[in-house]
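Reader: Could you take me through the salt bridges in this one, and take your time over each partner? I'd like to see where the charged side chains sit.

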Amino acid sequence: MSTEETSRFVRLRVELVLEVLDEDEVAKAALGRLAGDTALPEAERAHAEAAVTEDTAEALAYLVDPFDLVSEVPGVELQQASWSSERVDYDPDSPEWDLDEDDGEDDEEEDGIG
């Protein structure tokens, strides 16, 4: 039997490139979310506040939650998620940024929407 026939688990890979138009707005939004996170211990809160204030990529990583992407999808439950963010030099005309290009991995079934 193939993995597709025996496993109920699906790995969904999503890559986003965002243009930050207002770093202060992103930082304020991240600080607002931190302020509303009552489960966050104070020591971690101070570290997180410094990180989102100093680095827009960190602020975005705090604001973009994979659970939010799938929480309303019927019939699925998020089992595990990891994500990161980094500043990149983006050139939409560069072949490096061609999202339709095969990434070299052997995915039996991949649907690209874009």
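Author: Sure, let's start inside helix 3, where R45 and E42 sit 3 residues apart, about one turn of the helix. Keep in mind that this is a predicted model. The two side chains form a salt bridge, with the closest N and O atoms 3.3 Å apart. Their surroundings are worth a look. R45 has a relative accessible area of 10%, so it falls under the 20% cut-off and counts as buried. E42 comes in at 57% relative accessibility, and because that is over 50%, E42 counts as exposed.

As for the general idea, side chains of opposite charge can pair when their charged atoms come close.

The count comes to 2 salt bridges, and the other one joins the side chains of R87 and E23, at 3.0 Å from N to O. Here R87 lies in the segment after helix 5 while E23 belongs to helix 2, so the pair ties together parts that are 64 residues apart in sequence. R87 is exposed, with a relative accessible area of 55%, and E23 is partly exposed at 40%.

Helix 3 and helix 2 turn up again if you look at the nonpolar side of things. The largest nonpolar core has 8 residues: V26, A30, L34, L40, A48, V52, A59 and L60. Helix 2 (23-36), helix 3 (42-54) and helix 4 (56-63) each supply at least two of them, with the largest share, 3 residues, coming from helix 2. For a close-up there, try A59: leaving aside its neighbours within four places in sequence, A59 is in contact with V26, A27, A30 and V52.

Methods:
Residues numbered from 1 in each chain as written. Predicted model: local features only at pLDDT ≥ 70, side-chain atom pairs only at ≥ 80, totals over all residues. Heavy atoms only, no water. Core = buried A, V, L, I, M, F, W, Y, C linked by side-chain atoms within 4.5 Å. Buried < 20%, exposed > 50% of the residue type's maximum accessible area, 1.4 Å probe, protein only. Helix = DSSP H or I, 4+ residues; strand = E, 2+ residues; numbered from the N terminus. Contact = heavy atoms within 4.5 Å. Salt bridge = Lys/Arg side-chain N within 4 Å of Asp/Glu carboxyl O.
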